[in-house]
Amino acid sequence: MKTVIVVGNGMVGYKFCEKFVAKAGSENYKLIVFGEEPRPAYDRVHLSAFFESQDAKALELAPASWYAEHNIELITNERITDIHKTKKTITTVKDAEFSYDYLVLATGSSAFVPPIKGVEKEGVFVYRTIEDLEGMLGYAAKIKKNNPKAKAAVLGGGLLGLEAGKAVMDMGLEPHIVEFAPKLMPRQLDSRSSQVLQLKLESIGLNIHLSKATNQILGDTTITGMEFGEDDVLDVEMLVISAGIRPRDELGKTCDLEMGVRGGIIVNNKMLTSDANIYAIGEVALYNQMIYGLVAPGYEMADVAAEQILGNDTLMSAEIDMSTKLKLIGVDVASFGEPFMPALKGHSIIFENKTQYLYKRINVSLDGKKLLGGILVGDASDYSMLHQIYLNGMAIPEDPAQLILPASEGGSSFGSALDLPDEAQICSCENVSKGQICGAITDGDCDTFADVVSCTKASTSCGGCKPMVVDLVNETLKLLGKEVKNNICEHLDYTRQELYGIIKVKRLTSYFEVMDACGTGDGCEVCKPLVASIFASLYNDTANKEDVIQDSNDKFLANIQRNGTYSVVPRIPGGEITPEKLIVIGEVGKKYNLYTKITGGQRIDLFGAELNDLPAIWKQLIDAGFESGHAYGKSLRTVKSCVGSTWCRFGLDESVSFAIELEDRYKGLRSPHKLKGGVSGCIRECAEARGKDFGVIAVEGGWNLYVCGNGGVTPKHAILLAEKVDNETCIKYLDRFLMYYIRTAAPLMRTAAWLDKLEGGIEQLKKVVLDDSLNIAEELEKEMQFLVDAYECEWKQAIENEESKKRFSHFVNSDDRDDNLVFVPMREQKMPEHWEN
């Protein structure tokens, strides 16, 4: 047997092994893989997820057993020191020698550390491996013991730098991003999109420092700060360097392979180096005078090298698509094609909304007929289709601006994913085309999304293509006349909408009745809360009725926090509160030593309540006239308001009064996802009503009603449903809209996503709600009125029922409290102590 040695067991090295053993003829080769790190290959793309779970196993691409099962010899924790080309052998750091027929260099890259004075000091880290992250966690815990307000900086404002900024936040340190360039992500974003991203990141707590050249790291043996110039110093106790990468090409240099001027081992389109038996792939390979730091080109290189070794003539693509989509600290960022467009080559069309942290730019040819590239920040939901239009040279609208404008402002929705050509590459990481995905179904091999993923490996790497793969699977199944169902789980073979109808028609009122009538088994953690939600939407059953089928937050009528304590949020309709009630909240916070904060929804959140204390806290609040704010439930949260015409000289109507009326009407309303509302007294929009599931804005002649907006990870502007309506009509339309959503939405689907999926979109919704096209308006109104009349405060129910109160105990067989709770000072309040390794 011929021997193939792979040096490097990162993502690309592993992908070579995976692809190699899956190909015909691979059984005639012995594969030996060397990795420097002490563990098998892991997912470096999602490295920041390690801070959430601190579970290295969760990032593994394959366990050690996988290598053994495929007759691959995996040698970890051992570095290769020399390559002897004439002898076709390698030497390890332990002086062991191995012979090869073919050698594949997949050594990847290392973090670039700028030559800054003092960079060797304690407290300075690079952001590259799990071991780096473990070191950072340990050091962060140490400095926070001495200073709970410790600061940490990240040197570098590119992709990895911003990921490292998220890591610093997750460790509970005050994060600072230091970037040499005058903008963030200088290689991917233009100045305007970078400004939008900066505003968003600053709004969530990152401190951004641009155009900063670090002269030295301050401190004796341990970092105490960064100096940028005279009197320009940033005091920090930890520094994470994420200033780019350098190819790990030292083996190529020592054995005289042809090298690039700035590093990297030169390869041709067969991934061959200057030696006929040595291949280089991934970030160590210099192809077309470029080092490619993305997963997709590395995976293609791995496939080409595997094919070449097996005697096939597969070649590397002549041009590499550098398009990318990712989520940085919860913010969508994407670029494709040519993100920067010279004026001589084409025109740029830009949509920008800084209040919603949105920026969309597309570049089109001078004749306006071809999409050449673009940038998306804040909302990259259209990335997949825009990318495909660019890649396949598809026709674009006569007015290209329709590609990026919101539907409410003249934008047009894209056609079906089935309109793409069969050769369209859907999953760039695994090089899977639309034809392969659809063919897996039409050939009879697959019937579900999971089947297609297993068969083609589409969406198994970065996951960015998953929405389009789902659409292709569903559309292909429909084309074949097969039913596409999003079943709840293995115990209930129905969609949420179907189960809602069954429970309503059969008048089922308990979980066991539902399982007996239409389920199998005892249920699970997916179907139990969903059934509870449907009961609440149909009968306004509170979580107290069947607490065992609720999720944790609903069961205890409070949001559980990271240290096992709970938050208490009383309802403050419209944000209006008397001084007497404010005093009561202050007394409760003081009595139970709770961290107190004003929320974005104009109410007050009390953190750090122990489970045993919840009933007593609620009683004190209820006695003062408060009710549950349902901050823990998939229900109405708040109806935010400005002061309106009551006080403001610009106000056109009493926004506070109407907000209170709406919040009192819909309080306790359970739905597929949380609901938020807003009422603004004029078009200045101080209540941000167009960022809510429903928003009402006063204009001359009445109220404008907007629906299906939201903030969060994927912000959406609410869309106009009705104009210049009075209070009564507005409530009537809201009743219909909310009940229609509750009836038809999928589990955990916000109103914005629901409207996107609703056939006919906003025009269809107008027909249902305004024109009663389905002849169900009266029914929807009656259902809503029933829920309004059936409302009861869950907190009041719980404290008045001795049996219910028993569940609010940390231990089931004792009244003892949780003595593991540890808090540390924060400003004039407290916070949970951060977890240590």
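## Arg670 and the aromatic pairs

In this predicted model, Arg670 touches Ser533, Ala536, Ser537, Asp554, His630, Tyr632, Gly633, Lys634, Ser635, Ile742 and Glu794, leaving aside residues up to four places away in sequence. With one of these residues, Glu794, the contact is polar: the side chains of Arg670 and Glu794 meet at 2.7 Å. Arg670 belongs to the loop between α19 (655-666) and β33 (675-680). Its relative accessible area is 8%, under the 20% limit, and Arg670 is therefore buried.

Aromatic side chains form a further topic. The structure holds 22 aromatic pairs, and the table describes two of them.

| Aromatic pair | Centre to centre | Angle between planes | Arrangement |
|---|---|---|---|
| Phe556 and Tyr566 | 5.8 Å | 65 degrees | edge-to-face |
| Tyr666 and Phe694 | 6.1 Å | 70 degrees | edge-to-face |

Phe556 is located in the loop between α16 (552-555) and β28 (559-560), and Tyr566 in strand β29 (residues 566-568), so this pair ties together parts that are 10 residues apart in sequence. Both Phe556 and Tyr566 are buried. These two residues also join Trp618, Trp795 and Phe808 in one aromatic cluster.

Tyr666 is part of helix α19, whereas Phe694 is part of strand β34 (residues 694-699); their pair therefore links parts that are 28 residues apart in sequence. Tyr666 is buried, with a relative accessible area of 1%, and Phe694 is buried at 0%.

Charged groups also lie over aromatic rings. Lys581 is placed over the face of Phe626, at 5.1 Å from the ring centre. The charged end of Lys830 sits over the ring of Phe823, 3.8 Å from its centre.

Notes: Residues are numbered from 1 along each chain as its sequence is written. This is a predicted model: local features need pLDDT of at least 70, side-chain atom pairs count only at pLDDT 80 or more; totals for chains, interfaces and linings use all residues. Side-chain values use heavy atoms; hydrogens and water are left out. Helices (H or I, at least four residues) and strands (E, at least two) are DSSP runs, numbered from the N terminus. Buried means under 20% relative accessible area, exposed over 50%, partly exposed in between (1.4 Å probe, protein chains only). A polar contact is a pair of N or O atoms within 3.5 Å; within protein, one must be able to donate a hydrogen and the other to accept it, and residues adjacent in sequence count only if both atoms are side-chain atoms. Contact means heavy atoms within 4.5 Å. Rings of Phe, Tyr and Trp (its six-membered ring) pair if their centres lie within 6.5 Å; planes under 30 degrees apart count as stacked, over 60 as edge-to-face and the rest as tilted. A charge sits over a ring if NZ of Lys or CZ of Arg is within 6 Å of the ring centre and within 35 degrees of the ring normal.
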